[in-house]
Every structure is written in C-alpha cells, then in structure tokens.
Number of protein chains: 2
Amino acid sequence: MDKVIHAIQDDYADDYSWCYGCGRLNKQGLQLRTGWNRDKTVTIYTPHEEHKAIPGFVYGGVIASLVDCHGTGSAALALHRKNGHEPGDEVEPPRFVTASLHVDYLKPTPQGVPLKAIGTIEEIHPKKWKVVTEVFANDICVVKGEVIAVVMPKSFIQQ
Amino acid sequence: MDKVIHAIQDDYADDYSWCYGCGRLNKQGLQLRTGWNRDKTVTIYTPHEEHKAIPGFVYGGVIASLVDCHGTGSAALALHRKNGHEPGDEVEPPRFVTASLHVDYLKPTPQGVPLKAIGTIEEIHPKKWKVVTEVFANDICVVKGEVIAVVMPKSFIQQ
C-alpha cells in the first residue's frame, strides 16, 4: 500500500480541519492523512528537506507529529467503524485529541524516503483509545510509538 | 526569567546546528534556545499562528518538538557543566539525540502566549540523561514531558 485513498481527515468538519499536523485546511501544515489497510491504520508521509535533525536524518519532532496525528486519526477511524461508518461515507467522523504521546526512537530515520506509520488500535473505553504505531522507512522499523487518544471535549470547540 | 541569554544551541558546532527544532542555521525551523536558570533549564517559545490544533489551541506536535529539543539541550547543558563549562564559554558542547520522548497533555494549550519549558535533569549514565519537563502557559502547567537523551553516536555524523 503506497497511498491512502480514503482518509479520515478528508471527512472532518471544517472547524476541526485546521490542525498543523493533519488539517486539510492548514496549507502550512503537514496535511497527514490516515486510512485503513484491513484492520491496521496507515499514514504515509515524506518529511521535507528542512525537517532534519542533522543532514541526512529526519527530525524527531516531525516523527512525533506523525505518531501523534496518526494516533488521533486511527482512533477516529476505529470509533467511526464501530459506529458503522467508513471514510468516504460522507458521515462526519468523531474527532479525537491526544492525552499522551510516547515515542521510542529505535534507529536514525533517513531523509528523502516516505515514512509509513502502521497503527494497531485498542479500545480502552468508548471515549478513550490506545494506538500503538510502528514507523517504517525503507521497510525498516525505525520508531515505535503509542498514543492515548480521547474524544475531543465539547469545551474545546466552544471557545 | 523572560529570555534565554546564553543558549547551548548557540555553541553547537555548525554541523550540528541544522535541527528543525533547535538549529540556529535552520532558518525554516523553530530555532528553540535552551539555557540555565540556576539548576533548572529553560526554553521559551511562542508557537506561530499556523501551529494550531484547532483555532485558539496549540498543536501537540509542536509542543512535543519543544519538549524534545528542550530535553536534548538540557542534557547538553548538564554534561557541559559537569565538564566545567557554561554556554558562552566558546567551548563546543556535547550534542545529544533523543532515545525516547513522552508527553502528557494536561490541559489545552492556548495560542498567542509564550510557552515556558522548565527542565529538571538527572544523570542515568555518563552518556544517558533524563530530563523531566513542565511546560507553562500563562504560569499554568499545561504539559508534562520526559526525554531520555543520549550522547550522539559518532556514526550519526559520519554519514
């Protein structure tokens, strides 16, 4: 799988689509897109040239951003599916926020190649999901991550 | 303390100063700067308008980047001090990389105000340091983080 066709972020309501990591309306952001591949979730992203730690290697904060939005996107995919929907259905999906983020940097991550985040999702509570992610570069697992994602509180958008 | 005067990143060798988070030579990056305040470390950063999660609140990936570079910078400050040096000494400091990053998002982080990361450092091993960070917005702790930083392996720069 080289491309995500139907991404959950494509279906977020406009008000929720400004995220620097995954908002389709944030033109300066990374515009990460997350979809299903059977029962796993996938986000594919090639960091820009400036997203380096030292020349040749990707900056860890950009990888953390990938793990973060892949996590909230995966949780949204899972709850949406539990509710009987798939991306592309034209039904607005739930929107999650990150309660915690953990990233283990296993190997230096080479620049100039697509990074593929693969997620495994577990429901902890109807509004709280755990997403365990492996990030691959050239089919080598370079990073493992975990996100605890919770349904976005209503107070968040009322501001 | 509202401004870091002597930052460790000011003294990194040029080859190590391209980091998207904290490299002074990466003009498209965040250019985070980390210094001492007595025995704590401090990084102060005001995210840009585009660095939002939803309008009004900062994107978690940018906060993770702040915790990340604040962690490696703090570890570099600590080992540099252990070696008898302070930023501004014109002695090249050690350079660390992140082995693991953990971020707990305690509260939504408001946009448009400086975020202050305060670090507490512990030596685990001469080449491996733990940095526990609290991030404050308007003097309220919004995020807690932890970085395990290790001295950059020589293989990293030889590529």
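The dialogue below explains how to read several features of this predicted two-chain model.

Colleague: Which conventions apply to the model?

Modeller: Residues are numbered from 1 along each chain as its sequence is written, while chains are lettered from A and ligands numbered from 1 in the order in which they are written. The model is predicted, so local features need pLDDT of at least 70 and side-chain atom pairs count only at pLDDT 80 or more, whereas totals for chains, interfaces and linings use all residues; side-chain values use heavy atoms, with hydrogens and water left out.

Colleague: What relation holds between chain B and chain A?

Modeller: Two copies of a chain are related by a rotation about an axis and a shift along it. Here, a rotation of 180° with 0.0 Å of shift along its axis superposes chain B on chain A, with an RMSD of 0.0 Å. This is the relation of a two-fold axis. In chain B, the C-alpha nearest the axis belongs to B:His102, 2.2 Å from it. The same surface serves both copies, since 100% of the contact residues of chain B recur in chain A. The superposition is by least squares on the C-alpha atoms of residues with pLDDT of at least 70 in both copies, and contact means heavy atoms within 4.5 Å.

Colleague: Which residues touch the most other members of the largest nonpolar core?

Modeller: In soluble globular proteins, nonpolar side chains tend to be buried together. A nonpolar core is a set of buried Ala, Val, Leu, Ile, Met, Phe, Trp, Tyr and Cys residues joined through side-chain atoms within 4.5 Å. Buried means under 20% relative accessible area, exposed means over 50%, and partly exposed lies in between (1.4 Å probe, protein chains only). The largest core has 86 residues, and A:Leu101 and B:Leu101 touch the most other members. Residues up to four places away in sequence aside, B:Leu101 touches residues of both chains, including A:Leu101, A:His102, A:Tyr105, B:Ala64 and B:Val67.

Colleague: How does the span of helix α1 of chain B compare with what it should be?

Modeller: Helices (H or I, at least four residues) and strands (E, at least two) are DSSP runs, numbered from the N terminus. The expected span of a helix is 1.5 Å times one less than its number of residues. For the 23 residues of α1 (residues 60-82) of chain B, that span should be 33 Å, and the end C-alpha atoms are 33 Å apart, which agrees. In α1(B), 21 of the 23 residues are buried. The helix of chain A likewise has 21 of 23 residues buried, so α1(A) is largely enclosed by the rest of the structure. Just after α1(B), B:Gly84 takes a positive phi of about 95°, and A:Gly84 has a positive phi of about 95° just after α1(A).

Colleague: Which residues other than glycine have a positive phi?

Modeller: Among them are B:Glu90, with phi near 65°, and B:Asn138, with phi near 50°. B:Glu90 is in the loop between α1 and β3 (96-105) of chain B, and is exposed at 76% relative accessible area. B:Asn138 is in the loop between β5 (128-137) and β6 (140-151) of chain B.

Colleague: Is B:Val97 buried or exposed?

Modeller: B:Val97 is buried, with a relative accessible area of 15%, and lies in strand β3 of chain B. Leaving aside neighbours within four places in sequence, its contacts include B:Thr72, B:Ile148, B:Val150 and B:Phe156. B:Val58, in the loop between β2 (40-45) and α1 of chain B, is also buried, at 6%. Among the residues that B:Val58 touches beyond four places in sequence are B:Pro47, B:His51, B:Ile63 and B:Thr109.

Colleague: How many disulfides does the structure hold?

Modeller: A disulfide is a covalent bond between the sulfur atoms of two cysteines. The criterion is a pair of cysteine sulfur atoms within 2.5 Å. A search of the whole structure finds zero over all chains. The sulfur of A:Cys19 is 3.9 Å from the closest cysteine sulfur, in A:Cys69, too far for a bond. For A:Cys141, the closest cysteine sulfur is also that of A:Cys69, 19 Å away and again too far. A:Cys19 is buried at 4% relative accessible area, and A:Cys141 counts as buried at 17%.

Colleague: Which residues of chain A does UniProt list for "domain: Thioesterase"?

Modeller: The unreviewed UniProt entry lists residues 56-139 of chain A. UniProt positions are given in the numbering used here, feature names are shortened, and annotations may be inferred rather than shown by experiment. Over residues 56-139, the chain is 27% helix and 37% strand, with the end C-alpha atoms 17 Å apart.
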